[in-house]
Amino acid sequence: MAEPSLAADAKPWKNATAKPFIRIKNITKKFGEFAAVDDISLDIYKGELFCLLGGSGCGKSTLLRMLAGFETPTSGSIEIDGQDVANIAAFDRPTNMMFQAYALFPHMSVEKNVVYGLLREGVPKAEAMDRVSDMLRLVKLQDFAKRKPHQLSGGQQQRVALARSLIKQPKLLLLDEPLGALDKKLREETQFELIHIQESLGATFIVVTHDQEEAMTLSTRIGVMKDGKIVQVGEPPQIYEDPKSKYVADFIGSVNMFEGTVDVAVSDTLRIKSPEAGIDLLVAPIAGLKANQAVSIAIRPERIAVTRHKPEGAANIVEGEVEEVAYLGNLSIYRVKLASGKTLKVTKSNLLHDDVPIKWDEKVFLSWSNAAGIVLTA
Amino acid sequence: MSAFQASSPWRKTAALLARIGLTGRMLIIAVPMIWLLVFFLAPFLVVMKISVADPMIARPPYSPLFVQGPDGWSIKATIGNYAYLWEDSLYINAYWSSIKIAFFSTVLALLIGYPMSYYIARSPEPKRSLLLLLIVLPFWTSFLLRVYAWIGILKTKGVLNAMLMKIGLINEPLIIMQTDVAVYIGIVYTYLPFMILPLYANLVKLDDSLLEASADLGARPISTFFRITIPLSMPGIVAGSMLVFIPAIGEFVIPALLGGPDTLMIGKVLWTEFFSNRDWPVASAVAIAMLVLLVIPIMLLRLAQSKGADT
C-alpha cells in the first residue's frame, strides 16, 4: 500500500491553488443575542490534523457541532469535500465525532458500541463484526469486546470512543477534547497514538482543545479562537514564534510582556522605549511602525539568559535579583525582579550536572538578543 | 478529650445502648421495620388467619383458629376457602379479567404517558416545572369526585356525547358508561401520573450526547429512539408500569362507579363477599390469593432486573 501523502509534509495551505477539503464561509451562530461563533471563515485541507484552540466559551465546540450537524448556523455556509452540508442532517453527514465525555452507549458492550455505526449503514453483520475486531485490535482492546463501558478505565473508554468514531472510515473526524479526561502520562502517550492513527488512515481530523500543549503536539495547524472569532491560524512553530497579538502570545506558552513606545530604527534594529523594562529594548524591525506608536514586546522565558557576570555583546541586558527558583529537573524557572519593579520569568535548561546553581536573592544579569523580542501591535 | 466525650449525655446513652447491642444504625433501620411489622405484617397475618377459618353466623363471622377442647388447645384451620376459589369459575374469571383490564390499562397509560414524559423531560426548565405541576394537580381534588366527574362526561346524555353530536360526528349517543371502556378510561386517567412521574425522572437524566452520538453514527431519529432512548428508559418503564398495574388489578371504586354489571374485577368480588355475603373467610382468601398473584411476577421481575444489572 502506498503511503498516503501527509498534509503535514505537503503543507497544502501554503499553496494558493490547493483545493480545501472543508470550506467554512462567514459562519455565525447566535444563541439569542449572544454570538457563540462570530463570522468565521476557515479552510482546512485533506489529511490535516487541525486544532481549534481556545479557552472555555470561545465557540470552538459550537463550531465543531455545526460541522457535525448538531447545530444549525445562523448564517454562513459549510462545505465538506465540495458539498454544501447546510441541508444534510447529522445522520447523513460524512463526518463522525468523538465526544468529550465519550458518550458511549452504557447498555451496549464495547463490540456493540463499535459496530453500531456499521449496522446503521446496512453493512452485513458478519462483515461488520470482522471490521470491528480489526478496529479493536488497532486500539488494543481486542480482549475487552464483551465488556460494558462502565467496566473499563478512562483510557480504555477513550479508545472505545475513538474506535467507534473511526469504524465508518469518515472523511472527517471531529474530536471534542479527546484527551481531556485522561491523566497527564496517558494523555502524552495517546497523543502520539492519535497522530499515528490519523496518518495511517489519511483521514482529516479536527480537534477541539483548550490545552495548548496538546494542540502544539498534535496539529498540522492551529486555529486560536477567542470570543467566537479565530484570532490566528498557523503551524505550531508559527503560532509560538510569531504570534500576531498579545492574546495569542500569552495564551500559547508563557511569555514576558513589556509595554513601550517606538523610538527610532538604528540601522537594522528597532529601539523601543520601555520604562517598564528600565532600558531601551532592541528588537528586530518590523514594517509599518510609526514613531511614538505604543507597542508590546513579548519575550519567551527560554530566550532570556540568566548569568552571574555581565555578558558580552548581548543586545539587551538588565540587572535583577532572583526572587524565586523552581527546580523542575530538566529545567529551572527563575523569577527575577528588575530595578523597575517588574518581575520576569526565565527558564534555564539544566544541562550540566556540576553547575553551581543560582539561588534566591542573588544578583543576576538577564540578557537576550534583538531577535528574541516579538513586537506586537494588537 | 476522653473526659469530655464520657461526660456528654449522648455518648453515655449511646454507650449504654451499645452494651445491650443497639447501635445508631440499627435504631434508624428499626423505625421502618417496626412500621412494616405493625401495619403490614400484623394485618396480613390476621387476614391470613381469617382465610383459613370457617364462616359462622356470629360476631366476628368466622370460626376461631385456636379452639379449647377437652384435651387442651388445638389449631383448627381449613384450606376449603382456597379450594372454593379454584372450584367456582367466578373467581378465576374475576382474577383473569382483572389482570386483563390492568394489563391493557398499563399499556395504554404507557403509550399515552411516554410521549408526555418525553416532552416534559425535553422542555426548558421553567416550563418543565409548570408541566409537572399540571400532572400532579388532579391529586388536589378528591379521587372519588374525579371519578364522579367522569360519569357526567361519559353518560348517554353527558358532555362527551353532546359535543360529538353537536359537531355531527355521531347521530346517536355512544354507550360508554357501564361498559369496560369506561373502566379503561377511568383507570388510565387515574393512574396516568404514576406512569408519567417515574418515566420523567428517568428521561430527564438521559444524556443528550448519547442521542447525538447515535445520529452521528448514522441512525435516524426513529432508530435512535428504539435503540437508545427506549432501552435506557427501561427502569422508568418498569417502575411506571408497576405503579399502574398493581393498584389497577385490585381497583374497586372505578369499576364500581363506571363499570356495568358485566365488568368483573376482583376488587368488586371482594367487596361483595365481604359486605353483601358477609363471608369473611372467602373474602380473605380472595385477598391473599390476589397478593400471591401479584408478588410472584414482581419477584420474577426483580430477579431479572438484578441479573440484567450484573452483566
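**Chain B, overall**

I began with the make-up of chain B, and in this predicted model I find 15 helices and 2 strands in the chain. I then asked how spread out chain B is, and its radius of gyration comes to 26 Å, well over the 19 Å that the globule rule gives for 311 residues, so chain B is more spread out than a compact globule. Along the principal axes I noted a box of roughly 80 × 70 × 40 Å for the C-alpha atoms of chain B. Of the 311 residues in chain B, I have 28% down as buried. Among the contacts in chain B with a separation of 6 or more, 69% join residues 24 or more positions apart.

**One residue of chain B**

I next looked up B:Thr263, which I located in the loop between α13 (253-258) and α14 (266-276) of chain B. Is B:Thr263 buried or exposed? Neither label fits, because B:Thr263 has 18 C-beta neighbours inside 10 Å and therefore counts as partly exposed, burial being set at 20 or more and exposure at 12 or fewer. Leaving aside residues up to four places away in sequence, I see that B:Thr263 touches B:Asp180, B:Val183 and B:Pro255. I also checked B:Met234, which is 29 residues from B:Thr263 along the chain, and the C-alpha atoms of the two are separated by 32 Å.

**Chain A, overall**

Turning to chain A, I recorded 9 helices and 20 strands as its secondary structure. The C-alpha atoms of chain A fill a box of roughly 75 × 50 × 45 Å, again taken along the principal axes. For burial, I have 38% of the 378 residues in chain A, and for contacts with a separation of 6 or more, 64% are between residues 24 or more positions apart.

I also looked up how chain A is divided, and the assignment gives domain 1 (13-249) and domain 2 (254-376). The centres of these two domains of chain A, taken over C-alpha atoms, are separated by 39 Å. Where the domains meet, 5 residues of domain 1 of chain A are in contact with 6 residues of domain 2 of chain A, and the domain 1 side of that contact has 2 nonpolar, 1 polar and 2 charged residues.

**The six-stranded sheet of chain A**

I traced an open sheet of 6 strands in chain A, with the order β6-β7-β8-β3-β9-β10 and mixed pairing. Which strands stand at the edges? They are β6 and β10 (229-234) of chain A, and each has a single partner strand, so one side of each is left without a neighbour in the sheet. From one strand to the next, I noted a twist that averages 20°.

Within this sheet I followed one pair in detail: β7 (residues 172-176) and β8 (residues 204-209) of chain A pair in the parallel sense over 5 bridges, with A:Leu173 opposite A:Phe205 in β8(A). I then looked for what lies across β6 and β7 of chain A, and found helix α5 (residues 154-166) of chain A, which runs at about 175° to β6(A).

**Strands around β4 of chain A**

My next stop was β4 (residues 75-80) of chain A, which pairs with β1 (residues 22-31) of chain A in the antiparallel sense over 5 bridges. In that pairing, I see A:Ile78 of β4(A) as the bridge partner of A:Ile24. Strand β4(A) is also joined by 2 bridges to β5 (residues 83-84) of chain A, and these two run antiparallel, with A:Glu79 standing opposite A:Asp84 in β5(A). The hairpin of β4(A) and β5(A) has 2 residues between the strands, and I noted that A:Asp81 takes a positive phi there, near 55°.

**Where chain A meets chain B**

Finally I looked up the contact of the two chains, which takes 15 residues from chain A and 15 residues from chain B. Which elements of chain A give two or more residues to the side that touches chain B? I find β6 (95-98) and α3 (110-120) of chain A, and the largest share, 3 residues, comes from α3(A). By class, I divided the residues on the chain A side of this contact into 10 nonpolar, 3 polar and 2 charged. Strand β6 of chain A thus enters my notes under two headings, as an edge strand of the open sheet and as one of the elements on the side that touches chain B.

How values were computed
Residues numbered from 1 in each chain as written. Chains lettered and ligands numbered in written order. Predicted model: local features only at pLDDT ≥ 70, side-chain atom pairs only at ≥ 80, totals over all residues. Contact = placed C-beta atoms within 7 Å. Helix = DSSP H or I, 4+ residues; strand = E, 2+ residues; numbered from the N terminus. Nonpolar A, V, L, I, M, F, W, Y, C, P; charged D, E, K, R; others polar. Domains from an automatic or database assignment. Pairing = 2+ DSSP bridges. Axes fitted to C-alpha atoms, helices over the stretch in contact; angles between N-to-C directions. Rg over C-alpha atoms; globule rule 2.2 N^0.38 Å.
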